[in-house]
Structures are given as structure tokens and as C-alpha cells.
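Student: Got a minute to walk through this model with me? I'd like to get a feel for what sits inside and what sits outside.

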Amino acid sequence: MASQTVATRTTTFTIGWITLLLISALAALNHLFLMIANQEERVLFLGWAAFNVYSTLVLALPFRRREPWAWYTSWVLVIAFAGVMLLDPAGGVGVWYVIGAGVLAVGLLLTRSAFFPKK
């Protein structure tokens with residue numbers, strides 16, 4: 001008879017996962033709203049919205065199942081948020097994206113032990 005090991009969900013994993021999921025989902029809604037409000041740059045905001053919807057789906061399904069590839073892939077969201085500062089070096093909206101990238105990075109680090117437990 002095969003025994004199945006079920007890892008318990010820790011509080012740090014739950015806090016990190018919910019933080020990641022909320023920021024990703026709210027960013028998707030924000031970019032959808034900006035796509036409607038700013039017609040001149042709607043293609044840019046559509047791309048960001050699609051990217052955030054995809055990351056939300058990855059965080060909601062495989063990340064929650066603790067598939068290691070989802071943890072690594074989620075760093076792309078952090079890099080993309082931080083990369084906005086390169087496009088807006090004068091500050092402005094780029095500062096908010098960098099703050100978001102920092103919060104996302106902390107959320108990912110909080111979940112690390114659930115993906116890679118010490119042997």
C-alpha cells in the first residue's frame with residue numbers, strides 16, 4: 001500500500017501566496033481599467049493585463065499545488081514590475097512598480113520553504 005505525504009500549509013506560505021495573488025489580480029484589473037481609460041496606449045495596457053492574468057492563473061493553480069516550476073516562473077513577474085523603472089527613470093509611476101516588485105519578492109521568499117523543504 002502506497003503512503004501519500006501531504007505537506008501542511010504554513011502561515012508564511014499562505015501569507016506569501018495571498019499577497020502574490022492579490023497583487024497580480026489587482027494589477028490585471030488596474031491595467032484593464034487603464035486600457036479603457038487611456039485609449040492612446042491601450043495596446044500597452046492590454047499586454048500588461050494579459051501578462052497579469054496569466055501570472056494570476058499560474059499563482060492560483062500550479063503555484064498553490066507547490067509545483068517548483070511555478071515558483072521559478074513567478075520571478076518573471078517581479079522582474080517585469082522592477083523593469084518598469086528602466087522605462088520611467090525619472091520616477092513617477094515607476095516607483096509604484098518597484099514597490100510592487102519588492103512586495104512580490106518578499107511574498108515569493110515567504111513561500112520558498114514550502115517548495116524546497118530542507119531534507
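**Inside and outside**

Tutor: Sure, and keep in mind that this is a predicted model. Let's start with Leu32, which sits in helix H1, residues 11–37.

Student: Okay, is Leu32 buried, partly exposed or exposed?

Tutor: Leu32 is partly exposed, because its relative accessible area is 35%, and buried would need under 20%.

Student: Which residues make up the nonpolar surface patch with Leu32?

Tutor: Ile18, Leu22, Leu26 and Leu29 join Leu32 there, and together they have about 460 Å² of accessible area.

Student: New topic: Gly16. Buried or exposed?

Tutor: Gly16, also found in helix H1, counts as buried because its relative accessibility is 0%.

Student: What does Gly16 touch, leaving out residues up to four places away in sequence?

Tutor: Gly107, Leu110 and Thr111. The C-alpha atoms of Gly16 and Leu110 are 5.3 Å apart, although 94 residues separate the two along the chain.

Student: Now the inside. How many residues are in the largest nonpolar core?

Tutor: It has 21 residues, and those with the most contacts inside it include Phe13, Leu20, Phe63 and Phe81. At least two residues of this core come from each of H1, helix H2 (42–60), helix H3 (68–87) and helix H4 (93–115).

Student: Which helix gives the largest share?

Tutor: H4, with seven residues.

Student: And Phe81, what does that one touch?

Tutor: Not counting residues up to four places away in sequence, Phe81's contacts include Ile23, Ala27, Trp48, Asn52, Tyr97 and Leu104.

Conventions:
Residues are numbered from 1 along each chain as its sequence is written. This is a predicted model: local features need pLDDT of at least 70, side-chain atom pairs count only at pLDDT 80 or more; totals for chains, interfaces and linings use all residues. Side-chain values use heavy atoms; hydrogens and water are left out. Patches are made of residues with over 30% relative accessible area and no salt bridge: like charges are joined within 9 Å, nonpolar side chains (Val, Leu, Ile, Met, Phe, Trp, Tyr) within 5 Å. Accessible areas come from the Shrake-Rupley method with a 1.4 Å probe; for residues, only the protein chains shown count as cover. A salt bridge is a side-chain nitrogen of Lys or Arg within 4 Å of a carboxyl oxygen of Asp or Glu. Helices (H or I, at least four residues) and strands (E, at least two) are DSSP runs, numbered from the N terminus. Buried means under 20% relative accessible area, exposed over 50%, partly exposed in between (1.4 Å probe, protein chains only). Contact means heavy atoms within 4.5 Å. A nonpolar core is a set of buried Ala, Val, Leu, Ile, Met, Phe, Trp, Tyr and Cys residues joined through side-chain atoms within 4.5 Å.
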